[in-house]
Amino acid sequence: MPRYKIIIENLNVWYGKKHVLKNINLKIEEKKITCIMGPSGCGKSTLLRTINRLNDLIKEFKMSGNVLIEGIGNIYSDDIDVYELRRRVAYIYQKPNPFPMSIFDNVAFGLRIHGIKDKKFIREKVREALEKVGLWDEVKDRLEVSALKLSGGQQQRLCIARALALDPEVLLMDEPTAFLDPIATEKIEKLIIELSKEKTIVLVSHEIHQALRVSDYIAFLYLGELVEYTKTKEILRDPTEILKYFL
């Protein structure tokens, strides 16, 4: 039996009067890569942001239903610590967003915000996170250099390292290769596959070929509704069902 990390039940989301997500029911398996696909404006990013309550920052946001995360419970319960939730369920944005500070301080930022002061521990966690994303050998001699001087691909891997330093259980990734060249994209895709050995990953992508390369499951949204959810290998056997939405 599969073990589910995230269970979404009867989820509806509105921005004001606009009904963005409509009765979404979805079970996301632990330590697998689930790709959320669909045309622009179908609710992909909204669904992703609902899983760690980033939509709370939008004034007209309203939802009904349940989002259950194993080990946390219903994340929309009144007693949930939202900051702790976002530590455990990290969000990687479409465009790399390093802070205007050194490479080292970028990765250490979350640790310090959470009250960790042990310098040796912070150094170890920074190195560990940079090694996991394959950046350590590229930046180990310039950790005090501004992160803004890194290439786009390096910046995105740095942002992933920043999240990994806090040891999240889930990584939400919103088109993390959208602004990257093919070489940087390949590195990120390999990293995503490697990270799925330890983390549950939910990936939004516009690129069907990327979804076929990296994901274990594909969920397809259309006009705010979940119209397909299946194992990627089933789509590879018969792509016509999902490809019809791209035609």
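These are numbered notes on the fold, one sheet and four individual residues of a predicted model.

1. Overall make-up. The protein has ten helices and ten strands. Its radius of gyration is 18 Å, close to the 18 Å that the globule rule gives for 247 residues, so the protein is as compact as a globular protein of that length. The C-alpha trace spans about 50 × 40 × 35 Å along the principal axes.

2. Burial and contacts. Of the 247 residues, 50% count as buried. Consider next the contacts with a separation of 6 or more. Residues 24 or more positions apart account for 68% of them.

3. Surface and charge. The exposed area comes to about 12,400 Å². Carbon and sulfur atoms supply 51% of that area. The protein carries 39 positive and 35 negative charges. The mean positions of the two sets are 3 Å apart.

4. The four-stranded sheet. Four strands form an open sheet, and their order is 2-1-4-5. The pairing is antiparallel. Strand 2 (18–29) and strand 5 (73–74) stand at the edges. Each has a single partner strand, so one side of each is left without a neighbour in the sheet.

5. The strand 4 to strand 5 pairing. Strand 4 covers residues 61–69. Two bridges join strand 4 to strand 5, and the two run antiparallel. Leu68 has Asn74 of strand 5 as its bridge partner.

6. Asn10, a backbone point to check. Most residues other than glycine have a negative phi. Asn10 is not a glycine, yet its phi is positive, at about 45°. The residue sits in strand 1 (residues 4–15). Is Asn10 buried, exposed or partly exposed? Its relative accessible area is 42%. Buried means under 20% and exposed means over 50%, so Asn10 counts as partly exposed.

7. Glu175, a second positive phi. Glu175 also has a positive phi, near 45°, and is a residue other than glycine. Its place is the loop between strand 7 and helix 7. Glu175 is buried, with a relative accessible area of 12%.

8. Thr177, in the loop between strand 7 and helix 7. Strand 7 covers 170–174 and helix 7 covers 182–195, with Thr177 in the loop between them. Thr177 has a relative accessible area of 11%, under the 20% cut-off, so the residue counts as buried. Which residues does Thr177 touch, leaving aside those up to four places away in sequence? They are Thr185, Ile188 and Gln210.

9. Pro39, a loop residue with distant partners in sequence. Pro39 lies between strand 3 (33–37) and helix 1 (44–50), in the loop. Pro39 is partly exposed, and its relative accessible area is 30%. Not counting residues up to four places away in sequence, Pro39 touches Lys44, His206, Phe220, Leu221 and Tyr222. Tyr222 is 183 residues from Pro39 along the chain. The C-alpha atoms of Pro39 and Tyr222 are separated by 6.9 Å.

10. Residues to look at in the viewer. Start with Asn10 in strand 1 and Glu175 in its loop, each listed above for phi. Then take Thr177 with Thr185, Ile188 and Gln210. Finish with Pro39 and its contacts, among them His206 and Tyr222.

Technical notes. Residues numbered from 1 in each chain as written. Predicted model: local features only at pLDDT ≥ 70, side-chain atom pairs only at ≥ 80, totals over all residues. Heavy atoms only, no water. Rg over C-alpha atoms; globule rule 2.2 N^0.38 Å. Buried < 20%, exposed > 50% of the residue type's maximum accessible area, 1.4 Å probe, protein only. Contact = heavy atoms within 4.5 Å. Areas by Shrake-Rupley, 256 points an atom, 1.4 Å probe, with all protein chains shown as cover. Lys, Arg positive; Asp, Glu negative; His and termini not counted. Charge placed at Lys NZ, Arg CZ, Asp CG, Glu CD. Pairing = 2+ DSSP bridges.
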